[in-house]
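Here is a friendly walk through one protein model for someone meeting it for the first time. Please keep the sequence and the picture at hand while reading.

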Amino acid sequence: MTTERIATVIGALPIPVILIGPDDRVRAANDAVTAILGPNLFGKHYMTAVRQPAVIAAIAETRSSGTARVTRFTGRDGAKDTTYRVAVAVAGGDIALTFEDQTAAEAAGQMRRDFVANVSHELRTPLTALLGFIETLKGAARDDARARDRFLDIMENEANRMTRLVDDLLSLSRVEEDERVRPLARTDLGLLLSSVIKGLEPQAQAAKVLVTLEQDGTEKVVPGDVGQLAQVFTNLVENAIKYGASGGQVIVTLKPPEMHARLRGEAVQVIIADMGAGIAAHHIPRLTERFYRVDNHRSREVGGTGLGLAIVKHIINRHRGRLVVESVEGEGTQVSVFLPTATPS
């Protein structure tokens with residue numbers, strides 16, 4: 001087969017392929033592989049073309065033994081690391097390399113490993129505390145009524161903490177299952193927000209925080225799941241009460257529908273603003289990550305599991321909306337939720 005014919009065949013393949021001739025120079029490469037290794041590969045020695053020891057070694061071993069090899073190639077796509085599974089095989093007198101993108105699979109695997117590690121860590125702390133107090137109550141504090149009552153209160157708090165974590169994990173799982181299915185029920189956001197604020201009155205009073213709802217008289221209806229949207233706004237208002245209590249006030253603003261370019265249509269904006277300590281800028285991009293906390297100690301003290309904003313993000317994604325967090329240290333935090341008003345056809 002002529003070089004031109006080989007180049008035509010390889011160019012038609014959807015996967016990245018590079019062919020190395022008997023002289024160890026690139027004989028053919030398609031556009032998909034030039035996106036990985038760079039342009040102008042034809043005629044280059046394979047060491048110069050691939051530039052990674054693991055792949056170079058695999059090519060040399062396949063050339064000498066005639067046995068196919070599999071190795072890894074790591075690269076960069078803008079700011080993102082990429083990983084490819086590279087199959088090296090004999091093709092007549094040539095060596096063929098095919099690249100299979102494993103970036104998404106590796107990211108998913110790392111996410112699973114991080115998730116298991118985080119859950120294990122979150123459960124280990126209260127379990128360790130419970131086992132320690134149980135051992136103490138069975139021994140030195142067996143007949144000490146005051147110590148027993150104090151330990152039992154702490155044990156109850158730790159058990160409640162584990163229950164909240166399990167509940168949030170189950171909630172996150174359910175939300176992820178439904179994320180591709182957009183809800184259609186008509187939901188009045190004004191009534192929903194009033195109900196959420198009413199339900200959080202005891203917490204607001206205990207924290208000495210005044211929560212107010214600002215809206216005009218127009219009806220603001222969006223297609224949505226009432227229960228999930230209530231979960232979103234309960235979480236966001238509750239966070240504003242807990243972490244913005246120093247400001248003494250939380251303002252919830254429901255704006256009339258208007259066009260929003262990023263949602264490519266009309267949307268309602270709900271703003272939850274506190275006047276508390278605020279959040280440092282470097283924390284904001286990571287707030288919706290699972291188990292990410294700005295202040296680990298304080299979050300655990302107020303009963304946070306580190307999953308609340310991850311659940312919020314998934315629910316808003318399901319509603320095809322958008323979450324925006326803005327904050328200035330010492331001035332407070334503003335969280336905006338944008339929800340489309342159009343019912344999907």
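Lys208 is found in the loop that joins helix H8 (201-206) to strand S7 (210-215). Helices (H or I, at least four residues) and strands (E, at least two) are DSSP runs, numbered from the N terminus. Lys208 is exposed, with a relative accessible area of 71%; exposed means over 50% relative accessible area, buried under 20%, and partly exposed in between (1.4 Å probe, protein chains only).

This is a predicted model, in which local features need pLDDT of at least 70 and side-chain atom pairs count only at pLDDT 80 or more, while totals for chains, interfaces and linings use all residues. Residues are numbered from 1 along each chain as its sequence is written, and side-chain values use heavy atoms, with hydrogens and water left out.

**Positive phi values**

Most residues other than glycine have a negative phi, and most peptide bonds are trans. Lys208 is not a glycine, yet its phi is positive, about 60°. Asn40 also has a positive phi, near 55°. Asn40 belongs to the loop between helix H2 (31-37) and helix H3 (46-50), and at 65% relative accessibility it counts as exposed. Arg320, just after helix H11, takes a positive phi as well.

| Residue | Phi | Place |
|---|---|---|
| Lys208 | about 60° | loop between H8 and S7 |
| Asn40 | near 55° | loop between H2 and H3 |
| Arg320 | about 60° | just after H11 |

**From S7 to S9 and S11**

Strand S7 pairs with strand S9 in the parallel sense over six bridges; two strands pair if DSSP finds at least two bridges between them. Across this pairing, Leu210 stands opposite Gln249 in S9. On to the next pairing: S9 is joined by five bridges to strand S11 (residues 265-274), and these two run antiparallel. Here Ile251 stands opposite Ala273 in S11. How enclosed is strand S9 (residues 249-254) by the rest of the structure? Five of its six residues are buried, so S9 is largely enclosed.

**An open sheet of five strands**

Five strands form an open sheet in the order S2-S1-S5-S4-S3, with antiparallel pairing. Strand S2 (26-29) and strand S3 (69-77) stand at the edges with a single partner strand each, so one side of each has no neighbour in the sheet. On average, neighbouring strands of this sheet are turned by 25° against each other, direction ignored. Axes are lines fitted to C-alpha atoms, for helices over the stretch in contact, and angles run from 0 to 180 degrees between N-to-C directions.

Helix H1 (residues 3-11) packs on the sheet and touches strand S1 (17-20) and S2, its direction making about 40° with that of S2. Contact here means heavy atoms within 4.5 Å. Helix H4 (residues 53-65) lies across S1, S3, S4 and S5 and runs at about 155° to S3. Thr62 has its place in H4 and is buried, with a relative accessible area of 0%. Leaving aside neighbours within four places in sequence, Thr62 is in contact with residues including Thr67, Val88 and Ile95.

**Aromatic rings in the sheet**

S4 and S5 pair in the antiparallel sense over eight bridges, and the bridge partner of Tyr84 in S5 is Asp101. The structure holds four aromatic pairs. Rings of Phe, Tyr and Trp (its six-membered ring) pair if their centres lie within 6.5 Å; planes under 30 degrees apart count as stacked, over 60 as edge-to-face and the rest as tilted. Why is the pair of Tyr84 and Phe99 edge-to-face? The planes of the two rings stand at 75°, with the centres 6.2 Å apart, so the pair is edge-to-face. This pair links distant parts of the chain, with Tyr84 in strand S4 (residues 80-91) and Phe99 in strand S5 (residues 94-101), 15 residues apart. Both Tyr84 and Phe99 are buried, and together with Phe73 they form one aromatic cluster.

**Helix H11**

Eight of the eleven residues of helix H11 (residues 308-318) are buried, so H11 is largely enclosed by the rest of the structure. Among the buried ones are Gly308, Ile311, His314 and Arg318. The buried residues of H11 pack against H6, helix H9 (226-243), strand S12 (322-328) and strand S13 (332-340).
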